[in-house]
Structures are given as C-alpha cells and as structure tokens.
Amino acid sequence: MPAQPHRPPSPAAPERSIAIVGAGFTGSVLAAHLLRGAESPTAIHLIECGGCHGTGVAYSTPNGGHLLNVRAYNMSAYPDDPRHFLRWLWSREGEDGHPDSAIPPSGHAFVSRALYGGYIKDVLAQAQAAAPDHARLRLIRGEAVDLRPDGERVHVQLGDGRRLTVDAAVLCIGNFPPSPPCLDSATAGEVFASDRFIGDPWDLAAIARIGRDAPVAILGTGLTMVDTVLTLLDQGHRGPVTAVSRRGLLPLRHKEVRPYKSFLHPDVMPRTVLDVLIALKADARRAQAEGFDWRSAFDALRPHHHRIWAHLPEEERRRFLRHARPFWEVHRHRMAPEVADRIDAARASGQLSIHQGRLRDVALAGDGLDIRLSARGAAVPHSLTAAVLINATGTNCDYGRIRHPLVRALLDHGLARPDPLRLGLDVTETGAVIGEDGRPAPRLFALGPVSKAPFWEMTAVPELRNQCAQAAERLLVLGQAGGLGAVPPGLSPGLSSAGGWANAAPGLNARPD
C-alpha cells in the first residue's frame, strides 16, 4: 500500500503517547492506522503478554487446517483498500508454506488463520516502515495488570514491575476462554479441577495428550467445536467424538453468492426481534425465488447490523439472546467449504456425533467421566461416557466472571463495569470505557470483542477494521485543543522500573523489550 502523505508537524508540537494493551488483530491494526495517520509527534506503545505481536490467539494456531471463516476478499486490514489482503496473497502464491493454488479475482477463498496472522504482522511492519519520523512504535513484551487514569495521564502497570505513563490507553484484550459450566455438585468441581477437563479449547498441549482411541466429549457445537474436532483429527485421533449443545445446531456452510439488496430501508429500523426475523425470512424466500441463495439475503443485512441493534430496546436485545441467538450464529458465522467437508465426513463415518442436550452433572468414573445430559423436552436425563471433556462453548464475554488481573483491577477500582447484557465491558459507541459511576472515561478506551455491547457484532475483521480506523482518527485529534500529550519540557513518556513513574530516554525503537 502506498505511504500516506503527511504534513510536517509544528516544531513546537508536544508528543502524544498512546498505550495499546493487546497486540492481536485489533491492537496491531489500530497501531498501523495510528502510524499512517499521525501528523504530529506520536509515540505508540503496543503491549503484548504472550506469543508475538500481530497474531493473537485467533491467528497463532499452527494448524493449517484451521481456516478463516470469512472469504479472503473481506479480510483486508484497511477499509479504504478492500483488496489489500488479496494483493498480499497474490504476491506470495507459490512460496513455501503458502497456498499453491491461485486465489480467484473474486476473493472467494478461505486461507489458513496462520497465514492471515503473517499478513497482520506484515501490516504492522509495513506501517512502521512507512511512518513519518515523528511517529514512533514501541513493541513491549509484558502483561498489563493494572491501569489508573490520573488527570490528563494514564498509568499502566506491568506484571514485572515496569510502569508506563501515557496520554491515553486502549484495551484491545481480545477474547477469553470460556468459564466452566455452572454446576453446583461436588463431583463436577472435582472434574473441573482434574486433567479430565480441558477448560481452554486452545490449550493445544492438553489436547495433544488425549489418547488416540479415547472417547471425547465436547461442550458446544459452534465454530470453536469445529476447530477442536479438526485439531483432534489432524493429530490422528481415532476414537469417537460427541459434541453437545442445547439445540445441537452446527454452523452452516459458506457458498459463493451474488450481491443482493437488503429489505431494510435506512430510515426505518425494526423495533422488535420478531420483526427482524420475519422480514429476513421473507427476504430469503424472495431471494431464492429470484435465483439467489439465502446467504445473499443474509449477507445483505450485514452493513445494517449495528443500526438494527442500536434501535432495539434492551428487552428486545435480551429476547434475541435468549431465543434467536443460536439460530443467528449458525447462519451468520459459517464454515469454510473445505472445513464443512471434513466435518460432514467425520459425521458420515460415525466418528463425530452431534447431540442436543444440556449438561446436568459430571463425575469421575474409573478412568473416565460419567456425563449427565438432559435433552429439551426429555423427562429423564441420559448418560454419556468419555475419557475427557473439552469446553468449547465459545469465548467468555461476562467480564464479571473473568479473573484476568487487569480486568479485575479495572472492575475493583470502579473504572469499568460489565455491560447489562454481559456481552463485554460497558462502553460508548466510540469505545470510551464507562465506569461504575456511569460516566465514560476521557482517556481510557476499549476496542474489539470487549466492546461489542453497543453493536452486537464486533468480532469479525470487516467490523473490527472499521472500528480501528475510526478510533485512530479520534485518538490522533483527542485533546489537541487541551494539550493531549503535553509533558514537562525535555521529558518523553516511556517505561520505568518499579521505582516510580519515571520517563524513559526518547530513543524508542520497534524491538520487543
């Protein structure tokens, strides 16, 4: 992508400093947008506790069978350059470890998540290389464990004792593993504390220890379950796998579709969930009658998701989460065709079974587990025997149950609060974190999945990249009139040791600490 033109900064312009906590997709792309748009002295501190900058949990999987569930055309990091990712792919075709087959001009292809992680790392590196001299990036390896606003500054505490003082902080902390099921029995507690229970479906080391012939039970039948099954198959698993969810719904399959015009009028938004579903079903029937696929009608609604959610009263949002959410998810978040083929084959062979039911209890039994399930409408629970139980119910969005030290510190200090629907933190539409007193913080923001409460959809790249681009624009002008970034003469905000909120030397670079 060609470098963006930059106006030279005023010689007297103070340097603003921004800390980004989390260097997965959201944090890395936000940093890239800040580097591209900085027209005055700007220092960006990108903090990541695990792995490398740019991949996060989603794109750090080494399994080439874990594919994106969004077609390549929609995966550009830049909303103003939709073919950026396609050009990156085309430039690398045939390289070792990269796709051999041509990515079609339509961009209807589903590449590995590991490959996409490489793209995001390149996006960050290229943005840094093209940045003006007055925009500086520092990659910090460490875990943020506390954060305190202090007037016009924000102090960030790292787990190793280092401290960082900045003008604004952005939480891009991504997704957290699911919480254990809410079961009160003592036997369930024993199971959850044992190695028979894998609470994090991305704990690849734990999954690798499962015996090849062992029967496996998985809680959840969504995309996380699909990835877990692929991991098992790719490590040569031969035993039966049973996946259970309350409705037993599997994500549907992607298919190349033609554009279709949504039924929505931009000035008239539905006020109930029932209105949305009735209109969407009618639109899908019309689309099919005109020779389109139902996916065309469903995808045409995507640009309106945020506005629909914003116009729904809170009780309607609750109704959606209680009743419609599972059906929405399997239609909205679909499997790549290659992935769907493998899941279909595993089911056809009898190795993978999908069951409808709710976990009632689980107990250690000899060398395995006795799992008690109750199906919807069934009077008597039934049992399932497995060697191990994997929790793949999806990410934990209830921040009241998340034990991460930074999250706990924010909640305990009253600087943040869970949103009423337990979808993430309570934030404004611009990402300002809302404190326990109901007031948005002027210098503390949250982006990505943690900020989905005002939007509902804030997990996929097309939504995230727009959010990052808009947030970068706001951060780069935030407080200019009031002197955001103003620091005492001769000092540049940076990391210090545990001895105090000191300022580091100005020679920041892009090597991880």
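Biologist: Where does L425 sit?
Modeller: L425 is in the loop between helix 12 (405-412) and strand 16 (432-434). Bear in mind that this is a predicted model.

Biologist: Is L425 buried or exposed?
Modeller: L425 counts as buried, because its relative accessibility is 2% and the cut-off for buried is under 20%.

Biologist: What does L425 touch, then?
Modeller: Leaving out residues up to four places away in sequence, L425 touches L171, Y399, L411, A416, R417, P418, D419, V450 and A453.

Biologist: And how far is L425 from G435 in space?
Modeller: The C-alpha to C-alpha distance between L425 and G435 is 9.5 Å, and they are 10 residues apart in sequence.

Biologist: Let's move to the sheet. What is the strand order?
Modeller: The order is 8-15-9-10-11, in an open sheet of 5 strands with parallel pairing. Strand 8 and strand 11 (352-356) are at the edges; each has a single partner strand, so one side of each has no neighbour in the sheet.

Biologist: Which strands pair with strand 15, and over how many bridges?
Modeller: Strand 8 (residues 197-198) pairs with strand 15 over 2 bridges, in the parallel sense. Strand 9 (residues 216-219) also pairs with strand 15 in the parallel sense, over 4 bridges.

Biologist: Which residue is the bridge partner of F197 in strand 15?
Modeller: L389 is the partner of F197. For strand 9 (residues 216-219), V216 stands opposite V388 in strand 15.

Biologist: What about the faces of strand 15, covered or not?
Modeller: Both faces of strand 15 (residues 388-391) are covered. V388 and I390 are buried on one side, and L389 and N391 are buried on the other.

Biologist: Switching to helices. Where is R113?
Modeller: R113 is in helix 3, which covers residues 113-130.

Biologist: Buried or exposed, that arginine, R113?
Modeller: R113 is buried, because its relative accessible area is 10%, set against a limit of under 20%.

Biologist: What does the R113 side chain have a polar contact with?
Modeller: The side chain of D227 makes a polar contact of 2.9 Å with the side chain of R113. D227 is also on the contact list of R113, along with A58, Y59, T61, H66, L67, L68 and W202, once neighbours within four places in sequence are set aside.

Biologist: Which residues of helix 2 are buried?
Modeller: In helix 2 (residues 84-92), the buried ones include H84, F85, L86, W88 and L89. Helix 3 is among the elements that cover the buried residues of helix 2.

Biologist: Now the empty space. How many cavities are there of 30 Å³ or more?
Modeller: There are 3 cavities of 30 Å³ or more. The largest cavity has a volume of about 150 Å³, and the second largest cavity has about 40 Å³.

Biologist: What lines the largest cavity?
Modeller: Its lining is V273, V276, L277, L301, H305, I308, W309, L312, F320, W328 and W456. Helix 7, helix 9 (305-311) and helix 10 each supply at least two residues of that lining. By class, the lining has 10 nonpolar, 1 polar and no charged residues.

Biologist: And what lines the second largest cavity?
Modeller: The second largest cavity is lined by G174, N175, F176, T395, N396, C397, Y399, L423, P449 and V450. That lining divides into 6 nonpolar and 4 polar residues, with no charged ones. Y399 and V450 also appear among the residues that L425 touches.

Biologist: What about pockets? What volume does the second largest pocket have?
Modeller: The second largest pocket has a volume of about 330 Å³.

Biologist: Which residues line the second largest pocket?
Modeller: They are L277, L280, K281, A284, Q288, W294, F298, A324, F327, W328 and H331. The class split is 8 nonpolar, 2 polar and 1 charged.

Biologist: Which helix gives the largest share of the lining of that pocket, the second largest?
Modeller: Helix 7 does, with 5 residues. Helix 7 (273-289), helix 8 (294-300) and helix 10 (314-332) each supply at least two. L277 and W328 are in the lining of this pocket and also in that of the largest cavity.

Methods: Residues are numbered from 1 along each chain as its sequence is written. This is a predicted model: local features need pLDDT of at least 70, side-chain atom pairs count only at pLDDT 80 or more; totals for chains, interfaces and linings use all residues. Side-chain values use heavy atoms; hydrogens and water are left out. Buried means under 20% relative accessible area, exposed over 50%, partly exposed in between (1.4 Å probe, protein chains only). A polar contact is a pair of N or O atoms within 3.5 Å; within protein, one must be able to donate a hydrogen and the other to accept it, and residues adjacent in sequence count only if both atoms are side-chain atoms. Contact means heavy atoms within 4.5 Å. Two strands pair if DSSP finds at least two bridges between them. On a 1 Å grid over the protein atoms alone, a cavity is a set of points where a 1.4 Å probe fits but cannot get out, and a pocket is an open set with protein on both sides within 12 Å along at least five of seven lines; lining residues have an atom within 4 Å of a point. Grid points are joined across faces, edges and corners, and a volume is the space filled by probe spheres set on the points. Ala, Val, Leu, Ile, Met, Phe, Trp, Tyr, Cys and Pro count as nonpolar, Asp, Glu, Lys and Arg as charged, and the others, Gly among them, as polar.
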